[in-house]
Protein chains: 2
Amino acid sequence: MSLPLEAGDSMRIAIPIYPGFAATDAIGPYEILSRLPGAELRFVAVVAGPVAADTGFLSVLAEPLASMPDPDIVMVPGAPNRCLPLGDAVLMEWLRAAHARSTWTTSVCTGSHLLGAAGILKGHRATTHWSDLDALPGFGATPCNERVVFDGKLVTAAGVTAGYDMALALAARIAGEDFAKAVQLALEYDPQPPFDAGSPERAPAHLVALVRRLGLGAAQDLP
Amino acid sequence: MSLPLEAGDSMRIAIPIYPGFAATDAIGPYEILSRLPGAELRFVAVVAGPVAADTGFLSVLAEPLASMPDPDIVMVPGAPNRCLPLGDAVLMEWLRAAHARSTWTTSVCTGSHLLGAAGILKGHRATTHWSDLDALPGFGATPCNERVVFDGKLVTAAGVTAGYDMALALAARIAGEDFAKAVQLALEYDPQPPFDAGSPERAPAHLVALVRRLGLGAAQDLP
């Protein structure tokens with residue numbers, strides 16, 4: 001069986017991280033995209049070295065942004081709003097330059113706000129964590145309450161775990177459906193959540209309040 | 001609303017990692033368990049410092065095993081079989097000692113083989129990656145083709161992404177269903193895989209062959 005993308009091809013993937021990033025936002029797509037034929041994947045950061053995630057319990061090593069200035073895929077993870085480096089000029093400049101040459105520019109959760117702050121979302125459809133959809137118009141984007149939004153080469157995913165679904169859909173576009181399905185099978189991604197509480201449309205209202213009270217996830221900065 | 005476990009309680013969680021570990025196996029449960037009230041979570045390793053995951057593209061910082069000898073929760077991630085440190089006497093001894101005092105001993109994917117090699121699975125029901133279920137009897141365990149298996153204080157999960165489901169179920173036992181549902185909502189864990197190919201029961205047979213040919217996941221060492 002042939003695949004659209006075969007070993008020998010090259011696929012350079014950059015995941016820019018920063019203090020306070022949400023680990024699953026980054027690791028979900030990493031787990032899938034790193035399996036693309038010819039993949040070379042780097043976690044990069046404005047300040048290279050160990051980068052602490054939002055919980056403070058996990059640090060991932062990052063290389064300098066300059067180590068991958070021209071990725072084929074840019075994948076931007078989100079964070080609680082208080083941790084988003086929306087005003088980091090060095091990161092913004094790297095995002096703009098990388099996006100100008102990328103084949104795909106992608107994000108998970110509030111990672112789309114970083115794309116927005118870099119001016120990349122203007123005039124595009126995009127998504128983010130359910131608690132932050134109303135922030136997208138501020139970046140000139142049209143918010144879409146969907147799990148994965150493709151708009152040209154821009155691919156945005158909803159909150160945190162939506163990165164698995166986004167990356168599988170993207171892997172199918174890049175390397176074919178059989179490849180994406182094989183990765184899904186290898187990762188045994190046959191989700192069986194013990195509860196049906198993963199979206200605000202179906203979770204009882206008191207849970208939305210509890211998410212706020214406990215300061216969980218991107219929603220911790222809700223009013 | 002009250003929760004069974006409240007802030008002020010303590011919950012010490014150790015995730016032992018090792019070169020070649022599968023990142024999602026570790027990060028999935030981390031993302032959920034680190035939100036438990038009073039959580040103190042550490043990635044620990046026989047050799048502290050940066051520990052590279054199976055792809056070679058990701059390194060996570062680990063502290064020494066001795067930094068958390070008596071966790072309330074032990075959570076062991078898996079790896080491709082060639083990377084599993086089944087013969088590491090220092091790790092085995094730490095696992096046995098930690099299990100003797102833990103409230104919960106848990107694993108994802110082939111992490112259960114490490115519990116097995118430490119003698120912890122003997123006489124218990126357990127699961128692992130779909131491609132490796134037949135290895136469990138060698139550890140004296142009864143293999144269960146289920147996504148999450150609770151047997152007393154032993155909790156094992158199937159391949160890779162099953163750690164999210166396992167950790168949510170465990171969080172519910174520890175801190176109550178409302179807490180677990182709130183974490184699920186915060187992580188927007190409302191999975192919508194673009195394909196229905198996450199289990200060998202439903203994926204077409206040629207995909208199982210493709211997983212083997214591409215050397216993906218724990219299945220890469222299949223004959």
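This passage describes the relation between chains A and B, their contact, and helix α4 of chain B. The model is predicted; local features require pLDDT of at least 70 and side-chain atom pairs pLDDT 80 or more, while totals for chains, interfaces and linings use all residues. Residues are numbered from 1 along each chain as its sequence is written, and chains are lettered from A and ligands numbered from 1 in the order in which they are written.

Chain A is superposed on chain B (least squares on C-alpha atoms of residues with pLDDT of at least 70 in both) by a rotation of 180° with 0.0 Å of shift along its axis, at an RMSD of 0.0 Å. This is the relation of a two-fold axis. In chain A, the C-alpha atom of V60(A) comes closest to the axis, at 2.3 Å.

The contact (C-beta atoms, placed from the backbone, within 7 Å) takes 63 residues from chain A and 63 residues from chain B. On the side of chain A that touches chain B, α5(A) supplies the largest share, nine residues. Of the interface residues of chain A, 100% are also interface residues in chain B, so the copies meet through the same surface.

Helix α4 of chain B (a DSSP run of H or I, at least four residues) covers residues 162–175. Twelve of its 14 residues are buried (20 or more other C-beta atoms within 10 Å of their own, C-beta atoms being placed from the backbone), so α4(B) is largely enclosed by the rest of the structure. Among the buried residues are Y164(B), D165(B) and I174(B). Their cover includes α1 (23–33) and α5 (177–186) of chain B. Just after α4(B), G176(B) takes a positive phi of about 100°.

Conventions:
Two residues are in contact if their C-beta atoms, placed from the backbone, lie within 7 Å. Helices (H or I, at least four residues) and strands (E, at least two) are DSSP runs, numbered from the N terminus. The expected span of a helix is 1.5 Å times one less than its number of residues.
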